[in-house]
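Open the model in your viewer and keep the sequence panel visible. This tour goes from one selection to the next and says what is found at each stop.

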Amino acid sequence: MTQSREEFEARLRQIGAERYHDLHPFHDLLHGGGCTPDQVRAWVINRYYYQHSIPMKDAAFMSRVEDPALRRQWRSRIEDHDGTDDNEGGIKRWLRLSQAVGLDPDYVASCEGVLPATKFAVDAYVRYVREKTLLEAVAASLTELFAPKIHANRIQGLLKNYDFADDSSLSYFKNRLKEAPKDVAFGLAWVLDQADTGEKQDAAAAALTFKTDVLWSQLDALWGAYVAPARVPPGAWLPGDGLLLQKAS
């Protein structure tokens, strides 16, 4: 049965309320000041793999879009991450965070030491956007509906609990507070317009659920490797590697 526009939007928002990764215990640990410096570094390293893959995901999406208006609208997402002449971009801001927590930005940018499960999850998301329908690809991006809340909580928690946190190191999150609402306003309206049958609505809801799984699985991997029971898989980052003081020496 096809839901009304209002009913379908409520359904999408309920997915976030039940499944978004702000509910993961790692975020309680991080935002509450309970992470060790190495746990923060592990999070920064692994989250970078997701950040640097987002513009590739968006480029894959745009390569399939025949509507110039949709391509123009989507282009800003790549620029927000890769940067422009006037905007350094989210990737550079994330590397500044990595430097603030004591990591060598070149090491982080190399993606060496990223957890295998992080790679599998993020690569699966890029493939999903490349291969699924445009509706499913856009619907998967709607986790941005729930991102401003977690960014605001993260800024507050990190500033309160960690010496590395300041306006410069947290500039990625501060900028996303401005960028994400613009992106999601368009994406949500587009999905609500396009999902005009029960079948399409089910597909869009499944896509958003898939994306919450992608985000959640990254934190599960981080928790298992660096929090409890703290078993780092072969090839993943080991505390002490890739630090700035190693480069200086």
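**Stop 1: helix α1**

Start by selecting residues 5-19, which form helix α1. This is a predicted model. Helix α1 has 15 residues, which at 1.5 Å a residue should span 21 Å, and its end C-alpha atoms are 21 Å apart, so the two agree.

Which residues of α1 are buried? Select Phe-8, Leu-12, Ile-15 and Gly-16. Looking along the axis, you will find that they cover an arc of only 95 degrees, which puts them on the same side of α1. An α-helix has 3.6 residues a turn, so residues three or four places apart point the same way.

Now turn to the face of α1 that points away from the buried side: Glu-6, Ala-17 and Glu-18 are there, and they are exposed. To see what the buried residues pack against, show α10 and α11.

**Stop 2: Asp-183 in α10**

Select residues 171-194, helix α10, and pick out Asp-183 within this helix. Is Asp-183 buried or exposed? Its relative accessible area is 5%, so Asp-183 is buried, the cut-off being under 20%.

Next, show what Asp-183 touches, leaving out residues up to four places away in sequence: Ser-76, Arg-77, Asp-80, Glu-144 and Arg-176.

**Stop 3: α3 against α11**

Select α3 (37-62) and α11 (198-226) together. Two packed helices are described by the angle between their axes and the distance between the axes. For α3 and α11 the angle is about 150 degrees and the axes are 10 Å apart. The crossing of α3 past α11 is right-handed. Show the side chains that make this contact: on α3 they are Gln-39, Ala-42, Trp-43, Asn-46, Arg-47 and Tyr-50, and on α11 they are Lys-211, Leu-215, Gln-218, Leu-222 and Tyr-226.

Stay on α3 and select Lys-57, which lies in this helix. Lys-57 counts as buried because its relative accessibility is 5%. Apart from residues up to four places away in sequence, Lys-57 touches Tyr-125, Val-126 and Val-129. For a distance check, draw a line from the C-alpha atom of Lys-57 to that of Ala-225: the two residues are 168 residues apart along the chain, and the line should read 26 Å.

**Stop 4: helix α7**

The residues touched by Lys-57 include Tyr-125, and Tyr-125 is one of the buried residues of α7. Select the helix, residues 116-131. Helix α7 has 16 residues and reaches 22 Å from its first C-alpha to its last, close to the 22 Å expected at 1.5 Å a residue.

Colour the buried residues of α7: Thr-118, Ala-121, Val-122, Tyr-125, Val-126, Tyr-128 and Val-129. Seen down the axis, they fall within an arc of 155 degrees, so they line one face of the helix. On the other side of α7, Phe-120 and Glu-131 are exposed. What covers the buried residues of α7? The cover includes α3, α8 (134-140) and α11.

**Stop 5: the loop before α7, and the cysteines**

Step back to the loop between α6 (105-110) and α7 and select Cys-111. Most residues other than glycine have a negative phi, and most peptide bonds are trans. Cys-111 is not a glycine, yet its phi is positive, at about 65 degrees. At 11% relative accessibility, Cys-111 counts as buried. Select Cys-35 as well, which also counts as buried, at 7%.

How many disulfides are there, taking a disulfide as a pair of cysteine sulfur atoms within 2.5 Å? The count is zero.

**Stop 6: the loop between α11 and α12**

Finish in the loop between α11 and α12 (244-248), where Pro-229 is found. The peptide bond from Ala-228 to Pro-229 is cis, with omega near 5 degrees.

In this loop, select Ala-230. Ala-230 has a positive phi of about 60 degrees although it is not a glycine. Its relative accessible area is 42%, so Ala-230 is partly exposed.

The last selection is Ala-236, also in the loop between α11 and α12. Ala-236 is buried, with a relative accessible area of 9%. Leaving aside its neighbours within four places in sequence, Ala-236 is in contact with Gly-113, Val-114, Leu-115 and Tyr-226. Draw a final line, C-alpha to C-alpha, from Ala-236 to Asp-183: they are 53 residues apart in sequence and 33 Å apart in space.

Methods:
Residues are numbered from 1 along each chain as its sequence is written. This is a predicted model: local features need pLDDT of at least 70, side-chain atom pairs count only at pLDDT 80 or more; totals for chains, interfaces and linings use all residues. Side-chain values use heavy atoms; hydrogens and water are left out. A disulfide is a pair of cysteine sulfur atoms within 2.5 Å. Buried means under 20% relative accessible area, exposed over 50%, partly exposed in between (1.4 Å probe, protein chains only). Helices (H or I, at least four residues) and strands (E, at least two) are DSSP runs, numbered from the N terminus. The expected span of a helix is 1.5 Å times one less than its number of residues. The arc is that of the directions from the helix axis to the C-beta atoms. Contact means heavy atoms within 4.5 Å. Axes are lines fitted to C-alpha atoms, for helices over the stretch in contact, and angles run from 0 to 180 degrees between N-to-C directions. A crossing is left-handed if the near helix is turned anticlockwise from the far one by less than a right angle, and right-handed if clockwise.
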